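Visitor: Hi, I'm new to this one. Can you walk me through it?
Guide: Sure, have a look first and then ask away.

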Amino acid sequence: MSELQKQMLSELQDESLFKKAESFGLEYLSKVLDRNVYPTEEALENLSAFEEKLPDDTGNAHEVIEMLHKYGSPATVAQVGGRYFGFVNGSVVPAGLAAKNLSIFWDQNTAMQVLSPISSKLETVVQKWLTQLFGLPDRTVAGFVSGTSMANFCGLAAARYRVLQNNNWDFNENGLFGAPKIRVVTGKDAHSTVLKAIALNGLGKGNIEWVDTEEEGRIIPDKIPELDSNTILILQAGNVNSGSFDDFSSICEKARSQGAWIHIDGAFGLWAGATKKLKHLTKGFEHANSWAVDGHKTLNTPYDSGIIMCDDQEALMSSLHMSGGYIIQGKDRDGMFYTPEMSRRARIIELWATFKYLGKNGVDQMVYNLNQRAIQFANEISKAEGFSVLNEVVFNQVIVQCETEELTNKVIEEVQKLRECWVGGSIWKGKRVIRISVCSWVTNKEDITRSVNSFIKAREIAYKQIQLTE
C-alpha cells in the first residue's frame, strides 16, 4: 500500500474530519437567516486566497476543509434564507438537506439498478408520487436530471423522436439529414432555456413559428396556427418575469386533436398544479405530452434537481437510447434510460425525502405561501413612493419599475449594495424592470416588509445621486 493510500484510508476513518465539516455547516445554518444576503466586499476580496498554483504535494484534509469554511462560507449568497429574490432559487427543506448530507456519504451512481438499488427504488416511488400529485396519466414516466434546462431538452428530444417515428423515420439511425420537417410553435415570451433546448435538438431557432403573447406574457390561443402531427407546441407554466400561465384548458385538447406534441416548460410554475387554491392556473395541463419542472425552485429541494415527465415512455427512452455489452439491465428501473447522462449522482434521495416529509398538504401550504408573500410584496411596494407594479401577481413573480429607467437601474444597484435583500433586473416588454422572485419557504411577512423598506431606502439614495449629477 502506498503512502498516499495509507493517508487517505486514515482520513476515511477519521470521524473528526467529517464532524468538522458538519460543524462548519451547522455554524453556517445558524447564521444564514440573519446575515447579509450577498457577500461583503471583504468576503469577495478574500476569495483571492484560492488563487494559487496546484500544489505539488499531498496536503492535509483538515486544512482543506478549514480553508473552505474560512474563505468560502462568507462568500456564499444566502439563498437558503428568506430575503433572496434575485433569481428563482428556492431554499432547502431541512429533511431534504439532511438527506442530501447522508447521501453524500453513500456516493451513489444511479445509472443502473445494480449500481444503486436504493436509487432505483426511490426513482420508481417518486415517479408515481409525481403522477398522482399533478393528476397526470398513469402511463407517465419521469427522468431525474440536473434542472429544467435539461428537462426541456429531454422533452423536446422525445417529441422529435415521436414525430419522426410517426413519419417512418428512425432518428437514432438516420439523424436529421433528410428527415421530414418538424414544426416548432411557441410564444414570443418563451424562456431562453426553451430556445436552448430547441437548438440542442437540432430543430433550429430560426425555424420557430412564433405566436403573439398578451401583456402578461401568455400565448394568445387564437393566434396559434393550425397544427398537425409534425408539430411540437411548447407552452409555459410560469413566465420567468410575470409568472403568468398559458391557457392550457383552451389550447391543449385542441392541439392534441390536431395531432401535435405538447410540451410544457414549468420550471417553477408547474407546482401550482399541486395546490388547491392555485390549481386553476394549470387547468388542462394534463393533456400535454411532456412536462419539465425543477425541484430546487418552488419545491425547495437542494441543488440540483430537475424532472422531465412524459406520457410516452417509448419516445423518452428511445430518444435517450444507449447500449453496451457491459450494461447489466435490472429487473426494475435503470435510471440511465430516462436521462441523457449515464453516471449521475443520486439527487432522487433528497427529492424523495422532501416529498416524504412534506406530504401533499405540506407541498400545498409551502407553494401557496410563496404566492401570498409575493402578493404582500406587491401590495407594500405599490404603496411606497415612486414604485409601480407592472404585472398581475398570479403566482410568485413581481415586476417593479421606478419613474425612469435610470432610477430603476440605480435602485437595483443600491438594493444590491445594501445587502438586506437581493434582486436583479430584467427587460419586460421593452422596459427595464426589477424582477422579484419569491421562492423560499423561509420567507415570512417580516422578511417582505424588511425588504420593501430596503427598496425605499435604495430609492432615496439613488434619487439623491441622480439629482447631484444633473
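**A walk through the model**

Guide: The protein is divided into domain 1 (3–78) and domain 2 (99–323 + 330–355), with bounds that come from an automatic or database domain assignment. This is a predicted model, where local features need pLDDT of at least 70 and side-chain atom pairs count only at pLDDT 80 or more, while totals for chains, interfaces and linings use all residues. Residues are numbered from 1 along each chain as its sequence is written, and side-chain values use heavy atoms, leaving out hydrogens and water.

Visitor: What separates the centres of domain 1 and domain 2?
Guide: 36 Å, taken over C-alpha atoms.

Visitor: OK, pockets. What volume does the largest pocket have?
Guide: About 1200 Å³. On a 1 Å grid over the protein atoms alone, a pocket is an open set of points with protein on both sides within 12 Å along at least five of seven lines; a cavity is a set where a 1.4 Å probe fits but cannot get out, and lining residues have an atom within 4 Å of a point. Grid points are joined across faces, edges and corners, and the volume is the space filled by probe spheres set on them.

Visitor: And which residues lie nearest its centre?
Guide: A21, G25, L97, N101 and I104, out of 34 lining residues. Domain 1 and domain 2 each give the lining of the largest pocket at least three residues.

Visitor: Which element supplies the largest share of that lining?
Guide: α2, with 10 residues. At least two residues each come from α2 (15–32), α4 (61–72) and α5 (94–106). Helices here are DSSP runs (H or I, at least four residues), as are strands (E, at least two), numbered from the N terminus.

Visitor: How does the lining of the largest pocket split by class?
Guide: It has 21 nonpolar, 10 polar and 3 charged residues. Ala, Val, Leu, Ile, Met, Phe, Trp, Tyr, Cys and Pro count as nonpolar, Asp, Glu, Lys and Arg as charged, and the others, Gly among them, as polar.

Visitor: How many cavities of 30 Å³ or more does a search of the whole structure find?
Guide: It finds 2. The largest cavity has a volume of about 80 Å³, and its lining of 14 residues has T186, G187, A190, Q236 and D246 nearest the centre. β4 (231–236) and β2 (183–187) each supply at least two of the lining residues, and β4 gives the most, with 3.

Visitor: What about the second largest cavity?
Guide: That one holds about 30 Å³ of space. Among the residues lining the second largest cavity are T110, M112, R333 and G335. Its lining divides into 1 nonpolar, 6 polar and 2 charged residues.

Visitor: You mentioned β4. Where does β4 sit in its sheet?
Guide: Between β5 and β2, in an open sheet of 7 strands with the order β1-β7-β6-β5-β4-β2-β3 and mixed pairing. Two strands pair if DSSP finds at least two bridges between them. The edge strands, each pairing on one side only, are β1 (141–145) and β3 (208–211).

Visitor: Do tell, how many bridges join β4 to β5?
Guide: There are 5, and β4 runs parallel to β5 (residues 261–265). Q236, which we met at the largest cavity, stands opposite D265 in β5. Helix α9 (residues 192–200) packs on this sheet, touching β2, β3, β4 and β5, and its direction makes about 160° with that of β3. Contact means heavy atoms within 4.5 Å; axes are lines fitted to C-alpha atoms, for helices over the stretch in contact, and angles run from 0 to 180 degrees between N-to-C directions.

Visitor: What's the order in the open sheet of 4 strands?
Guide: β8-β9-β11-β10, with antiparallel pairing. Its edge strands are β8 (388–389) and β10 (424–428). Helix α12 (residues 348–383) packs on that sheet and touches β8, β9 (397–401) and β11. Helix α13 (residues 405–418) lies across β9, β10 and β11, at about 30° to β11.

Visitor: Last thing, any backbone oddities to look up?
Guide: Most residues other than glycine have a negative phi, and most peptide bonds are trans. The bond from Y303 to D304 is cis, with omega near -5°, and D304 is in the loop between β6 (290–294) and β7 (306–310). R419 has a positive phi, near 65°, and is in the loop between α13 and β10.
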